[in-house]
Amino acid sequence: MDPLIEMDLSARKRTPEEVLQAVFGYSAFRGRQAEIIDWVVDGGDALVLMPTGGGKSLCYQIPALVRSGTALVISPLIALMQDQVEALRQSGVAAAYLNSTLHWGQVQNIENALREGLIDLLYVAPERVLTERTLALLDELPLALIAIDEAHCVSQWGHDFRPEYMQLAALAERFPGVPRLALTATADEPTQREIVSRLELADAKLFASSFDRPNIFYRVIPKASPREQLLRFIRAEHEGDAGIVYCLSRRKVEETAEWLERQGLSALPYHAGLNNQARAHNQERFLREEGIIMVATIAFGMGIDKSNVRFVAHLDLPKSLEAYYQETGRAGRDGLPASAWMAYGLQDVVTLRRMVDESEADTARKRVEYRKLEAMLGYCEITTCRRQSLLAYFGEALGQPCGHCDTCVEPVASWDGTQVAQKLLSCICRTGQRFGVAYVVDVLLGKDDERIRRNRHDRLSTFGIGTELDGKAWRGVVRQLVASGYISVDVDGYGSLRLTERCRAVLRGDETVTLRRDPARMPRAAKPRQRPSKDIAPHNEALWAALRECRRYFASEQGVAPYVIFHDTTLAQMAALRPDSHDALSRISGVGEKKLERYGDAFLALIREHEQGGG
Ligand code: ADP
Ligand code: ZN
């Protein structure tokens, strides 16, 4: 064939749909992906708000392949970058990253490849992109687009603030005419406005998607014996699954991981106090092996795009709903059922309030943080659908209760707690606002106690007036009144309960108080609707296991995570549909041209073997 004609053919750019099918092996775009991609391919700027797992990456990866030149992707985390680049290479895409893990020779190789136009996607960390060396390199290249991932990092009020992001607007001036997209899973309005102004995206079209994560089941339980509660939850619903358990302190991380190990589970710790090597090692194992539970502080997680994390558990309350939503969002990115579970108690409220009080932040900042904490507490104590309240916080209305959260599945009884609240408040008042929960509750219950007698509190009118509730129920009432701001807990170290301005109306009888009835026992496990491992029909189980083994083999051979080879959903489809030819295999979601070529024969042979074995 005439070499010129051949060149012409290969130079023809494919359409977005063709790339989606041939490279990524997917049959259709999801949500607003097609719109966003068309817009960017045509040269428009975009602000993309999409929940975790929504499919943000394709929104710049496909335009990167359709437009000519190299796409620059700014991504804040090295681990994420490496994973994404690895996944792209598996699909046959020419992708590379420049970061501090590379040695000199590797950097030069990549720079040369870039100059020769051999690289379609280049991932760079924000601090590196702004160096004169990188900018000079980029000057030499035709740029297809600039994508700024995790764009909320530009927000000073946010929880992931990165100062380097503030300078990224410089790219607009340096590379005029190159379309830019900012992408994030943090949706609130102020953050959105900050992104637009700081990144100079005034002309960007906004693409907001629903933030609902329908596959996540949300549950919050009152904290009693948190570790045992966690263990029961894992055993009942997530035996053998990969998950993340968040704790506030390093010590608690260590202790919880050890304890879970002793119970026979595979758990690893992760926090900023471990040395880099230990952290990297544990993260590696979490990504590469199956069924590992990562017990971690919030130092862990951003940019972890392991798709089959089946649960995220909180043993301590997050500081805000933004943080909660982002952390729980790491569950179920593959769209299969997953759980967000949290144990929450009075001590959480006290600890977090104290952290805000004692922080160095100025008053304005503290006020913002208190407001965020209050929204978080409101979510914990809510008696209506959790998903509705979560989405409402992010400005989205969900018409119906979701039917897939604890309060929907097991409606929480609420009761008129006005009288009970009055008793509690006056008991706190009469004992001089100097005592903690345990003491106040003992007085209400009329307990025969040396200290109470010494203080002559057995003579108070509130002594023994609260026998209609037991100690546990009273502590639940205290927690709720603290959460809704009627009582404050002193940060003097004694945890004395104090009355706030707000409680006057209740004491006067002008305001009624509605309380939630905490369940007496641990709510029964939610029925997982279609767990991936449970979704495999019994006669396909042997094949499913063999396919996973095969995937593990290829993954460890190349030192990559198994899901980079094929997602669970792809293997599950193979087991169910048993394709018998390259053509049939290529129709399975997640099998693109390159993967078909690389792994097709091995997986087809396995399937054939199982057919013959009648398995
Ligand atoms: P995000 O970055 O928004 O959290 P990702 O881009 O990592 O989400 O996508 C989440 C998962 O969904 C990935 O496994 C991805 O391959 C898959 N995915 C994205 N778009 C599609 C699609 N159109 N069809 C099938 N799977 C998709
Ligand atoms: Zn609900």
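Two strands are counted as paired if DSSP finds at least two bridges between them. In this predicted model, that criterion is met by strand 2 and strand 5 (residues 143–148), which pair in the parallel sense over five bridges, and within this pairing T70 stands opposite L143 in strand 5.

**The sheet around strand 2**

Strand 2 and strand 5 belong to an open sheet of seven strands, whose order is 3-4-2-5-6-1-7 and whose pairing is parallel. The edges are formed by strand 3 (95–98) and strand 7 (205–208), each of which pairs on one side only. From one strand to the next, the twist averages 20°. Strands of a sheet pair through backbone hydrogen bonds, in either a parallel or an antiparallel manner. The table collects three of the pairings, each with a pair of residues that stand opposite one another.

| Strands | Sense | Bridges | Opposite residues |
|---|---|---|---|
| Strand 2 and strand 5 | parallel | five bridges | T70 and L143 |
| Strand 2 and strand 4 | parallel | four bridges | I74 and V124 |
| Strand 3 and strand 4 | parallel | four bridges | A96 and L122 |

Two helices that pack on this sheet can be described by the strands they touch. Helix 6 (residues 104–115) touches strand 2 (70–74), strand 3 and strand 4, and its direction makes about 130° with that of strand 3. Helix 10 (residues 189–198), in turn, touches strand 1 (46–49), strand 6 (180–184) and strand 7, with a direction that makes about 155° with that of strand 1.

Strand 2 is largely enclosed by the rest of the structure, because five of its five residues are buried. In a regular strand the side chains alternate between the two faces of the sheet. In strand 2, T70, L72 and I74 point one way while A71 and V73 point the other way, and all of them are buried.

**Domains**

The domain assignment of the protein gives domain 1 (9–208), domain 2 (216–412), domain 3 (414–517) and domain 4 (536–612). Between the C-alpha centres of domain 3 and domain 4 the separation is 61 Å.

**The loop residue P318**

P318 is found in the loop between strand 12 (311–314) and helix 14 (321–328). With a relative accessible area of 5%, P318 counts as buried, because the cut-off for that class is under 20%. Leaving aside its neighbours within four places in sequence, P318 is in contact with A323, Y324, E327, M342, L352 and M376. F286 lies 32 residues from P318 along the chain, and the C-alpha atoms of these two residues are separated by 22 Å.

**The zinc site**

The zinc ion (ligand 2) has as its protein donors the SG atoms of C385, C402, C405 and C408, which lie 2.3 to 2.4 Å from the ion. The spacing of these donor residues in sequence is C-x16-C-x2-C-x2-C. The four donor atoms subtend angles of 102 to 119° around the zinc ion, and the arrangement is therefore tetrahedral; the assignment rests on the requirement that all angles lie between 85 and 135 degrees.

Two of the donor residues fall into separate accessibility classes: C405, with a relative accessible area of 0%, is buried, whereas C408, at 23% relative accessibility, counts as partly exposed.

Technical notes: Residues numbered from 1 in each chain as written. Chains lettered and ligands numbered in written order. Predicted model: local features only at pLDDT ≥ 70, side-chain atom pairs only at ≥ 80, totals over all residues. Heavy atoms only, no water. Domains from an automatic or database assignment. Donors = N, O, S within 2.8 Å, 3.2 Å for Na, K, Ca; no water. Tetrahedral: all angles 85-135°; square planar, octahedral: opposite > 155°, others 65-115°. Buried < 20%, exposed > 50% of the residue type's maximum accessible area, 1.4 Å probe, protein only. Axes fitted to C-alpha atoms, helices over the stretch in contact; angles between N-to-C directions. Contact = heavy atoms within 4.5 Å.
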